[in-house]
Amino acid sequence: MITSPTEAWVSSHVGDQVYKEGARYQKAGAVTSLFTLGPHLHGIVQGQEPYKVTLDLQGLEQGRHSCTCLSYRTPCKHIIAALLEHLEKGSYDAAPLLHTLAHFEPEQLAALFQSLLVKHP
């Protein structure tokens, strides 16, 4: 089991075409959101529409990943783009934020989300 994939590991474990397409998406800035929660990487990759991707960074060899696209390839280029983005730039660790939010009262959370929606519709 790998615990921290590298770009070389990724390129050697997926087909050349899907790797090139994923790298092209990543370099073009198609990965618009990326965060980790425990060993899981979550993101949004813009293709024909925004696709949600999830990868288990400790279960890549077992194929533990998903994408909302309809591609028959597994992993698809969106998964590869998100993984390459994570390897190159890192990702936001959401665990501390979720820990903090767990202590909010429902009314406080509602007010927080309402203010965020006003600022970022």
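# Close-up views of a predicted model

**Figure 1. Buried residues of helix H3 in the predicted model.** In helix H3, the residues His 78, Ile 79, Ile 80, Ala 81, Ala 82, Leu 83, Leu 84, Glu 85 and His 86 are buried. The model shown here and in the following views is predicted, not experimental. The cover over the buried residues of H3 includes H1, H2, S1, S2, S3 and S4. The 13 residues of H3, at 1.5 Å a residue, should span 18 Å, and the C-alpha atoms at its ends are indeed 18 Å apart. After H3 comes Gly 90, which has a positive phi near 80°.

**Figure 2. The surroundings of His 86.** His 86 belongs to helix H3. Is this residue buried or exposed? His 86 counts as buried because its relative accessibility is 19%, and the cut-off for a buried residue is under 20%. If residues up to four places away in sequence are set aside, His 86 touches Leu 34, Thr 36, Leu 41, Leu 57 and Ser 91. With one of these, Ser 91, the side chain of His 86 makes a polar contact of 2.9 Å.

**Figure 3. His 103, in a loop.** The loop between helix H4 (95–101) and helix H5 (106–119) contains His 103. This residue has a relative accessible area of 56% and is therefore exposed, since the cut-off for an exposed residue is over 50%. From Gln 17, His 103 is separated by 86 residues in sequence and by 46 Å in space, C-alpha to C-alpha.

**Figure 4. The open sheet and its edges.** The sheet is open and consists of 5 strands, whose order is S4-S3-S2-S1-S5 and whose pairing is mixed. Strand S4 (65–67) and strand S5 (92–93) are the edge strands, each pairing on one side only. Helix H3 (residues 77–89) packs on this sheet and touches S1, strand S2 (40–46), strand S3 (50–56) and S4. The direction of H3 makes about 65° with that of S3. Strands of a sheet pair through backbone hydrogen bonds, in either a parallel or an antiparallel manner. The parallel sense is found between strand S1 (residues 31–37) and S5, which pair over 2 bridges. Opposite Asp 93 in S5 stands Thr 36.

**Figure 5. The hairpins on either side of strand S2.** S1 and S2 run antiparallel and are joined by 6 bridges. Leu 37 stands opposite His 40 of S2. The two strands form a hairpin with 2 residues between them, and Gly 38 in the turn has a positive phi of about 65°. A hairpin of 3 residues also joins S2 to S3. The pairing of S2 with S3 is antiparallel and comprises 7 bridges. Within it, Val 45 has Tyr 51 of S3 as its bridge partner.

**Figure 6. The two faces of strand S2.** Which side chains of S2 point to the buried face? The side chains alternate along the strand: Leu 41, Gly 43 and Val 45 point to one face and are buried, whereas His 40, His 42, Ile 44 and Gln 46 point to the other and are not.

**Figure 7. The largest nonpolar core.** In soluble globular proteins, nonpolar side chains tend to be buried together. The largest nonpolar core of this model has 24 residues, and Val 10, Val 45, Leu 55 and Ile 80 have the most contacts inside it. At least two residues of this core come from each of helix H1 (7–13), helix H2 (16–27), S1, S2, S3 and H3. H3 supplies the largest share, namely 6 residues. Apart from its neighbours within four places in sequence, Ile 80 is in contact with Val 10, Val 14, Val 18, Tyr 19, Gly 22 and Pro 75.

**Figure 8. Helix H2 and its packing.** The buried residues in H2 are Val 18, Tyr 19, Glu 21, Gly 22, Ala 23, Tyr 25 and Gln 26. They pack against H1, S2 and H3. The 12 residues of H2, at 1.5 Å each, should span 16 Å, which agrees with the 16 Å between its end C-alpha atoms. Gly 29, just after H2, takes a positive phi of about 85°.

**Figure 9. The chain as a whole, for orientation.** The chain has 5 helices and 5 strands, and these follow one another from the N terminus as α-α-β-β-β-β-α-β-α-α. The C-alpha trace spans about 50 × 30 × 25 Å along its principal axes. The chain has 121 residues, of which 34% count as buried.

How values were computed:
Residues are numbered from 1 along each chain as its sequence is written. This is a predicted model: local features need pLDDT of at least 70, side-chain atom pairs count only at pLDDT 80 or more; totals for chains, interfaces and linings use all residues. Side-chain values use heavy atoms; hydrogens and water are left out. Two strands pair if DSSP finds at least two bridges between them. Helices (H or I, at least four residues) and strands (E, at least two) are DSSP runs, numbered from the N terminus. Contact means heavy atoms within 4.5 Å. Axes are lines fitted to C-alpha atoms, for helices over the stretch in contact, and angles run from 0 to 180 degrees between N-to-C directions. A nonpolar core is a set of buried Ala, Val, Leu, Ile, Met, Phe, Trp, Tyr and Cys residues joined through side-chain atoms within 4.5 Å. Buried means under 20% relative accessible area, exposed over 50%, partly exposed in between (1.4 Å probe, protein chains only). A polar contact is a pair of N or O atoms within 3.5 Å; within protein, one must be able to donate a hydrogen and the other to accept it, and residues adjacent in sequence count only if both atoms are side-chain atoms. The expected span of a helix is 1.5 Å times one less than its number of residues.
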